[in-house]
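Subject: Structure handed over, with notes

Dear colleague,

Here is the structure I said I would pass on to you. Please open it alongside this message, as the notes below are meant to be read with it in view.

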Amino acid sequence: MNKPLRRIAIFCGLLILTLLIRDNWLQYVKADALASDDENRRVNIARYATPRGDIIVDGKAITGSVENTSGDYKYKRTWTNGPMWAPVTGYSSQAFGANQLEKLEDGILTGNDDRLFFRNTLDMITGKAKEGGSVVTTLNAAAQKAAYQGLGNKKGAVAAIDPATGKILALVSTPSYDPSKFAGTSDEDAKAWNAVQKKNNPDDPMLNRALREVYPPGSTFKVVTAAAALENKIVSGIDDATKTQDPYQLPKTTTDLTNEHGDCENATLRYALMVSCNTVFAKMADTVGNEKMIEQANKFGFNNKELDTPVRASESVYPEDNEPQNAMAGIGQASNRATPLQMAMVASAIANDGKLMKPYMVDQLKAASLDTIATTEPEELSQAVSSETAQKLQQMMETVVNDPQGTGGKAKISGITVGGKTGTAQHGLNNSEKPYAWFISYAKLADGSSPVAVAVVVEDGAANRGDISGGGLAGPIARDVMKAVIDSNK
């Protein structure tokens, strides 16, 4: 063979070798990544080739599938009461992907999860079509409905937890959206999708306010400051005078902090929580100090960047700060920020004698055959406070609801012990925006057990500023959610 032909043969051989390497790279090394790539159209065609498994609440499906009459996708996802359940399920769209449980548990819902391998293999042998499994949630339908109807057309969120287990019983965010409206690929689906995007809708209905929005928690945080003061022996008895000035000069400043209600000078801890004395809790936060305040907040779940329910919740933050800002953070202002889920966790830990359980909303994963694939076991996150401190905090929170001077009277439930704390959180430049109305609470039964703890936040831009209060706007919603849980357990 002459030299030019030899060169051409070597070059062609190298090309073939390169193609073989590339082919093997794609087929073996990159196979899994390509098969699961959202840009791979075949992935979506396969995902919607069979009816999708369901998300279950109280034994009933809140999702479904309908057969398309045209196009490559055979089935389309549907939801029952979509706007009410969207903060739990998320969406599953042929055009726009998926989020929340619909995305996180996609393998179970489509039947493609590795844990279903043997079941799928058996079905393939017998010729049975592959079926999706189901996601059984911890949600309580009555509580979810009470929360959704309670918020109505207001902007806000509700989170409710079973203190003993951490099961999430309600998770509502308003305004919401109907994921059924953009589950397909039509022009109408595209219009519905665009209508709920933040750039086109300032109310941002796709924001999960219960898990993903952080707010100044306002006076609801005073229970955490009270916990820090009790745990660090700054105070011992909840009925002992606190030696607090009114007004109270913030440390290292000439700024006086005042109170909205009550006679707060030298107030007891119980009275201070009942009428929500800013001065008492700002001074306590300063006395405890920033480092110990952060330590206490962390025990309740703050500053946790990886809180998965399994949907990831935004980090609630008690900040490292200077003395005057730490004092303000102690009353739920300054850079203090919390999700509604986080404040439900605070109420939950107090109701559970100081033990904080990890919140979760997936109880079981099941195959189409109803065989259980996985079960979530309750998990303790921390002992947020001692049982002695928790019981003192319970006494204080119950006074907030039961005493005629307390700010939480609208949360009362006949025959049930209710503990609560109101909050009216200032925000905006120089507090120029209308405040957020907060309420956190728990209910206790006659046997001492606590089936539910709740946090409610209302951003009611339509209300008169003077009418905005945690007890007035958020308290009745919390009451109805707690009552719904109690009634459904009878």
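What follows is a short account of what was found.

Please bear in mind throughout that this is a predicted model.

I begin with the loop between β9 (168-174) and α9 (187-195), where Pro179 has its place. Pro179 is buried, because its relative accessible area is 0%, and beyond its neighbours within four places in sequence it is in contact with Trp79, Gly82, Ala86, Gly90 and Tyr91. Pro83 lies 96 residues from Pro179 in sequence, yet the two C-alpha atoms are 7.4 Å apart in space. Pro175 is placed in the loop between β9 and α9 as well, and the peptide bond that joins Thr174 to Pro175 is cis, with omega at about -5°.

Tyr91, one of the contacts of Pro179, also leads to the aromatic residues, for which a search of the whole structure gives 10 pairs. The rings of Tyr91 and Trp193 have centres 5.4 Å apart and planes at 75°, so this pair counts as edge-to-face. It links distant parts of the chain, since Tyr91 is in the loop between α4 (82-89) and β5 (92-93) and Trp193 is in helix α9, 102 residues apart. Both Tyr91 and Trp193 are buried. Another edge-to-face pair is formed by Tyr215 and Tyr436, whose ring centres are 5.0 Å apart and whose planes stand at 85°. Here the separation is 221 residues, with Tyr215 in the loop between α10 (209-212) and α11 (222-231) and Tyr436 in strand β19 (residues 436-444), and again both Tyr215 and Tyr436 are buried. Ring pairs further join Tyr91, Phe96, Tyr177, Phe182 and Trp193 into a cluster.

Tyr177 appears once more in the lining of the largest cavity, together with residues that include Ala86, Pro87, Ser173, Ser176 and Met206. That cavity holds about 50 Å³ of space, and its lining divides into 6 nonpolar and 5 polar residues, with no charged ones. The search found 2 cavities of 30 Å³ or more, and the second largest has about 40 Å³. Gly301, Asn304, Leu307, Ser314, Ser316, Thr339 and Gln342 line the second largest cavity, a set of 1 nonpolar and 6 polar residues, again with no charged ones.

As for the sheet, 5 strands form an open arrangement in the order β2-β1-β7-β15-β16, with mixed pairing. Its edge strands, each pairing on one side only, are β2 (60-61) and β16 (372-375). Within the sheet, β7 (residues 134-137) and β15 (residues 362-366) run antiparallel to one another over 4 bridges, and Val135 has Leu365 in β15 as its bridge partner.

Some backbone details remain. Most residues other than glycine have a negative phi, and most peptide bonds are trans. A cis peptide bond also joins Asp246 and Pro247, with omega at about 5°, and Pro247 lies in the loop between α11 and β10 (248-249). Asp204, in the loop between α9 and α10, has a positive phi near 50°, and Asp204 is buried, with a relative accessible area of 12%. Ser276, which is found in the loop between α12 (269-275) and α13 (278-288), has a positive phi of about 65°, and it counts as buried because its relative accessibility is 13%, where the cut-off is under 20%.

With best wishes

Methods: Residues numbered from 1 in each chain as written. Predicted model: local features only at pLDDT ≥ 70, side-chain atom pairs only at ≥ 80, totals over all residues. Heavy atoms only, no water. Helix = DSSP H or I, 4+ residues; strand = E, 2+ residues; numbered from the N terminus. Buried < 20%, exposed > 50% of the residue type's maximum accessible area, 1.4 Å probe, protein only. Contact = heavy atoms within 4.5 Å. Pairing = 2+ DSSP bridges. 1 Å grid on protein atoms, 1.4 Å probe; cavity = no way out; pocket = protein on both sides within 12 Å on 5 of 7 lines; lining within 4 Å. Points joined across faces, edges and corners; volume = space filled by probe spheres on them. Nonpolar A, V, L, I, M, F, W, Y, C, P; charged D, E, K, R; others polar. Phe/Tyr/Trp six-rings, centres within 6.5 Å; stacked < 30°, edge-to-face > 60°.
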